Amino acid sequence: MDYRPALRQRTGAGEYVHRLAQALQARLAPADLLTLFSSSWKDRQPPAVVAGARQRDVRIPVSVLNLAWHRFGWPPAEWLAGPMDIAHSMHPLLMPARRAAQFVTVHDLYFLDHPEQTAAEIRRDYAALAPGHARRAAGVIVPSEHTRQAIVQRLGVPDSRVTVVSPGAPDWAPGPTPAATGPILFVGTVEPRKNVPGLLRAYAALVRQCPEAPPLVLAGRTGAGVGDLTSVAGVNLTGRVQLLGYVSDARRETLYREASLLVMPSLDEGFGLPVLEAMTIGVPVVAARRGSLPEVLGGAGLLAEPDDAEGLASAMRLALQDEGTRARMAAAGRARAATYSWSAAASRLYEAYTAALAARGRS
């Protein structure tokens, strides 16, 4: 398993890799062996990062190895990590292998729709190569039914080779319905896809309607294309918006427990892990009616169009001011989160692995 997304600050994809590796290690049969592969010039895997798993950590810059893998199909993963039955890339492009069944993980297809908003390497390789790689893969792993349908319909991958492996809820204790006075929380990388400008416009509309509205806290690494966060639509937000940057696991949990609600206004999401994290504790959620967010919420939160600032503001106002609505959202969220588990995710992944090997006539 390619562990590189989890090497440094773990965003949604990194958290997915790390937790899935932990659950898979617990699910393996006695004869099975999980190897966590990573490559970086300066970042190393911590010792025993997943108890029981073998680690292969090579000092090759990520950009160099990705160029060799994606453009030349070399070197095979076996040369770097030893013999294997499964070579699982945790992004849409295959990990070259001589004999192993090759798997890819595709979180979403935003890179096809908006390549101009992606990082240089993704812009260079993903749109051109991902459709062919997905069709060649022995299995495609996706986090949601929404992404599964997109892979089948848009990339032409047979339905039988696409498996939904949704994230599990964190092992956080549920809490009571939070007070409406806590901060409004956004968790995620501050980048164009997350629609932070749309969130700021909606928050400015909320402030115009309710000058006593709680502050807005943005927790997540800041990417490219982020503009001014202090003034939107004529409303001075100085002192009202706090940009925290990347936060640790413990700090993130604390932020949820302090928040009055979570807002996730993304233009697209393959899953939307912050929604699941908030529901686990019982924090009401307002989300965009886009991507997988309605699927993950399952009716437990409020939805609005991400480009409708007034609609998002009205949903936030309802979630803040109507105690009955808040209580219903908190209870429904806790119940919804309980249906997601890393153990179930690991079992589905293991079944996909064994099915691919059986199809190749290997045990």
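The following paragraphs describe a nonpolar core, a pair of strands and one helix in a predicted model. Residues are numbered from 1 along each chain as its sequence is written. Local features need pLDDT of at least 70 and side-chain atom pairs count only at pLDDT 80 or more, while totals for chains, interfaces and linings use all residues; side-chain values use heavy atoms, without hydrogens and water.

The largest nonpolar core (buried Ala, Val, Leu, Ile, Met, Phe, Trp, Tyr and Cys residues joined through side-chain atoms within 4.5 Å) has 30 residues, of which Met1, Leu20, Leu24, Leu34, Leu36, Phe103 and Leu349 touch the most other members. Buried means under 20% relative accessible area with a 1.4 Å probe, protein chains only. Helix 1 (12-27), strand 4 (101-105) and helix 13 (342-359) each supply at least two residues of this core, and helix 13 gives the most, with nine residues. Helices (H or I, at least four residues) and strands (E, at least two) are DSSP runs, numbered from the N terminus.

Strand 4 also pairs in the parallel sense with strand 3, over four bridges; pairing requires at least two DSSP bridges. In strand 3 (residues 86-89), Ile86 and His88 point one way and Ala87 and Ser89 the other, and all are buried. Alanine 87 stands opposite glutamine 102 in strand 4.

In helix 11 (residues 309-321), the residues Leu312, Ala313, Ala315, Met316, Ala319 and Leu320 are buried. They lie on the same side of helix 11 because they cover an arc of only 160° around the axis, taken from the directions from the helix axis to the C-beta atoms.

Technical notes. Buried means under 20% relative accessible area, exposed over 50%, partly exposed in between (1.4 Å probe, protein chains only). The expected span of a helix is 1.5 Å times one less than its number of residues.
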